[in-house]
Amino acid sequence: MPTFNDFVSILKSDLLDFAKENLEEYKNELLKDGTLFIEKVKSDLERWTEGLASGALSKTDFEFLLKGKKDLAQMEALKQLGLSKIRITKITNSIIDVVVGSAVKTFL
Amino acid sequence: MTTKAKLLTTITAITLSMIVWSCASISVFSPEAYKQAVDLKVESLNIMSFATMPYADYEEEVIYLNTELDKAFEFSKGRPDNEISTEQWEILIDKEGNLLGGFLKRWETEGSLSEMFVTEMQILVSDAFDTIIGLESGKIDPSEFK
């Protein structure tokens with residue numbers, strides 16, 4: 001007859017596997033998004049400074065664009081915050097599945 | 001109560017509290033909000049493309065667009081647990097800011113804007129809408145909780 005300690009032991013192992021898999025995936029996604037954003041900032045700045053130098057952009061235009069990029073970065077950060085919350089919700093639901101799965105494995 | 005019954009009661013309690021907690025953290029996916037954001041992205045970028053021409057010629061269209069943007073903001077604000085998306089809309093349409101709201105205000109104030117500025121702002125505004133659309137499409141469909 002399995003004991004409660006058996007259940008805890010199986011649950012710990014299942015949760016560890018689950019965490020390893022999900023955290024790695026999340027870390028990779030964040031790194032990818034962050035790198036893409038930095039690359040985009042760099043190419044935008046190159047075009048804008050060229051535009052400023054050629055007269056295609058005024059100083060006011062240039063400043064407006066820079067501040068716009070800052071606003072956009074804020075919106076992107078909010079998106080990432082929201083997606084993190086969604087991920088936590090999904091992980092919470094998955095943890096419930098892991099707990100139930102471990103209990104079934106142990107007792108049934 | 002047996003150990004097994006205690007365990008099941010505990011698991012049920014943990015499960016229910018986790019579901020309640022996780023559901024309360026952020027709003028679920030809304031097809032209406034998603035469509036609203038996509039439609040407004042297309043309309044906004046289209047109207048922005050005329051900003052090299054006199055504002056007076058497009059005043060009616062800009063007023064209409066501003067009304068639709070305000071409606072989207074209010075819709076977002078009225079949804080439960082939707083503070084993050086609402087804050088995104090607020091930044092996008094802020095007339096004192098430097099995205100769509102600020103752009104339309106500047107067009108009105110200055111009469112017309114330079115071609116490169118308009119093109120570059122279209123890229124920024126497009127990306128800004130994508131952050132709203134991306135967050136909405138990432139939200140969990142309510143059917144997943146059933």
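**Close-ups of helix contacts in a predicted two-chain model**

**View 1. Where α2(B) meets α6(B).** In this predicted model, the α2(B) side of the contact is made up of B:Ala33, B:Tyr34, B:Ala37, B:Val38, B:Lys41, B:Ser44, B:Leu45 and B:Met48. Facing them from α6(B) are B:Val118, B:Met121, B:Gln122, B:Val125, B:Ser126, B:Phe129, B:Ile132, B:Ile133, B:Glu136 and B:Ser137. Sort the contact residues by class and you get 12 nonpolar, four polar and two charged.

**View 2. How α2(B) and α6(B) line up.** Here we have helix α2 (residues 31-48) and helix α6 (residues 115-138), both of chain B, with axes that come within 9 Å. Their crossing angle is roughly 180°. Angles over 145 degrees count as roughly antiparallel, so that is what α2(B) is to α6(B).

**View 3. The side of chain A that touches chain B.** Zooming out to the two chains, 35 residues of chain A are in contact with 33 residues of chain B. On the chain A side, α1 (4-54) and α2 each chip in at least two residues, but α2(A) has the largest share, with 28. The class tally for this side of chain A is 19 nonpolar, eight polar and eight charged residues.

**View 4. α2(A) against α4(B).** Now for one helix pair across the chains: α2 (residues 59-107) of chain A and α4 (residues 83-93) of chain B have axes that come within 9 Å and cross at roughly 170°. The two helices are therefore roughly antiparallel. From α2(A) come A:Asp71, A:Gln74, A:Met75, A:Leu78, A:Leu81 and A:Gly82, which meet B:Ile84, B:Ser85, B:Glu87, B:Gln88, B:Ile91 and B:Leu92 of α4(B). Six of these contact residues are nonpolar, four polar and two charged.

Note on methods:
Residues are numbered from 1 along each chain as its sequence is written. Chains are lettered from A and ligands numbered from 1 in the order in which they are written. This is a predicted model: local features need pLDDT of at least 70, side-chain atom pairs count only at pLDDT 80 or more; totals for chains, interfaces and linings use all residues. Axes are lines fitted to C-alpha atoms, for helices over the stretch in contact, and angles run from 0 to 180 degrees between N-to-C directions. Helices (H or I, at least four residues) and strands (E, at least two) are DSSP runs, numbered from the N terminus. Angles under 35 degrees count as roughly parallel, over 145 as roughly antiparallel, 65 to 115 as roughly perpendicular and the rest as oblique. Two residues are in contact if their C-beta atoms, placed from the backbone, lie within 7 Å. Ala, Val, Leu, Ile, Met, Phe, Trp, Tyr, Cys and Pro count as nonpolar, Asp, Glu, Lys and Arg as charged, and the others, Gly among them, as polar.
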